[in-house]
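Trainee: Could you take me through one part of this model closely, and then show me how the charged side chains connect the rest? I would be glad of one connected account.

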Amino acid sequence: MTHTVTPAPAGARRGIAYDQVVEAGDGALVAVPAGGELRIVDLHGNQAVDTLLYDRHDIDNRYSAFDTVREQRAVYLTTGSRLLSTRLDELAVLSEDTCGRHDTIGGACSQESNVVRYGEHTRHQHACRQTFLRYGATAGIGQRELGHNINFFMNVPVTPDGGLHFADGLSAPGKHVQLRASRDLFVLVSNCPQLNNPCNGWNPTSVRLLGWW
Ligand SMILES: [Zn+2]
């Protein structure tokens, strides 16, 4: 936890309620009240931040990548994107984005997917799925509640033939994305430890979470 004073977003009249640096491979569970703003800062650039959102009063009403993509007819997320739930409720809106593009179809890394993609020797590397389960546990979020996530700052272009490509990131040191909660939320974050593709620039680094409410 740090206590550095950072200017509030334009128009904000509330003080900083949350300020935490999340090291590479670590995570966080943040309770964001309706109307609150949570900013994720890519401190060193090209760092994927795997994120899930839940209605704090009913964790079965959780982020749905499928519904978010389908309802907005857009495969990437950026300013103005509405993050929808499995019941088509609006959980949050991306209120600021200085990066420009975020993925929500590439999924989170797991030990199993690492083995399939990169080989048996990666089985024991730490993965986002473990971080989700560790930090989600205090809110009753278990395997059943882990759906498709958002990969903030991750560049996963959809190829012309419908494939996915894990490409070099578009982010840079100090870029940020910010979400405004449309209802009381749990925001579950895994600062991705992946070493085997370029999503973290081959070198996972820390990010900062800042909240105003
Ligand atoms: Zn990951």
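Mentor: Happy to! Let's start just past helix 2, where glycine 119 adopts a positive phi of about 115°. Keep in mind throughout that this is a predicted model. The helix that comes just before this glycine spans residues 111–118, and its buried residues are Ser113, Asn114, Val115 and Tyr118. As background for reading such a list, an α-helix has 3.6 residues a turn, so residues three or four places apart point the same way.

Now for the charged side chains. In general, side chains of opposite charge can pair when their charged atoms come close. Searching the whole structure gives 14 salt bridges, and a few of them deserve a slower look.

Take aspartate 26 and arginine 134, whose closest N and O atoms are 3.7 Å apart. Aspartate 26 sits in the loop between strand 1 (16–22) and strand 2 (27–32), while arginine 134 belongs to helix 3 (residues 128–136), so this pair links distant parts of the chain, 108 residues apart. Aspartate 26 has 26% relative accessibility and therefore counts as partly exposed. Arginine 134, with a relative accessible area of 57%, is exposed because the cut-off for that class is over 50%.

A salt bridge also joins glutamate 96 to arginine 39, at 3.5 Å from N to O. Here strand meets strand: glutamate 96 is in strand 8 (residues 90–97) and arginine 39 in strand 3 (residues 37–42), so parts 57 residues apart in sequence are tied together. Glutamate 96 is partly exposed, at 23% relative accessible area. Its partner, arginine 39, has a relative accessible area of 11% and is buried, because that class covers values under 20%.

The salt bridge between arginine 87 and aspartate 58 has an N to O distance of 2.7 Å. Arginine 87 is found in the loop between strand 7 (82–84) and strand 8, and aspartate 58 in strand 5 (residues 58–62); the two are 29 residues apart and connect distant parts of the chain. Both ends are partly exposed, arginine 87 at 46% relative accessibility and aspartate 58 with a relative accessible area of 26%.

Finally, look at Asp60, Arg62, Arg144 and Glu145: salt bridges with shared partners join these residues into one network.

Terms used. Residues numbered from 1 in each chain as written. Predicted model: local features only at pLDDT ≥ 70, side-chain atom pairs only at ≥ 80, totals over all residues. Heavy atoms only, no water. Salt bridge = Lys/Arg side-chain N within 4 Å of Asp/Glu carboxyl O. Helix = DSSP H or I, 4+ residues; strand = E, 2+ residues; numbered from the N terminus. Buried < 20%, exposed > 50% of the residue type's maximum accessible area, 1.4 Å probe, protein only.
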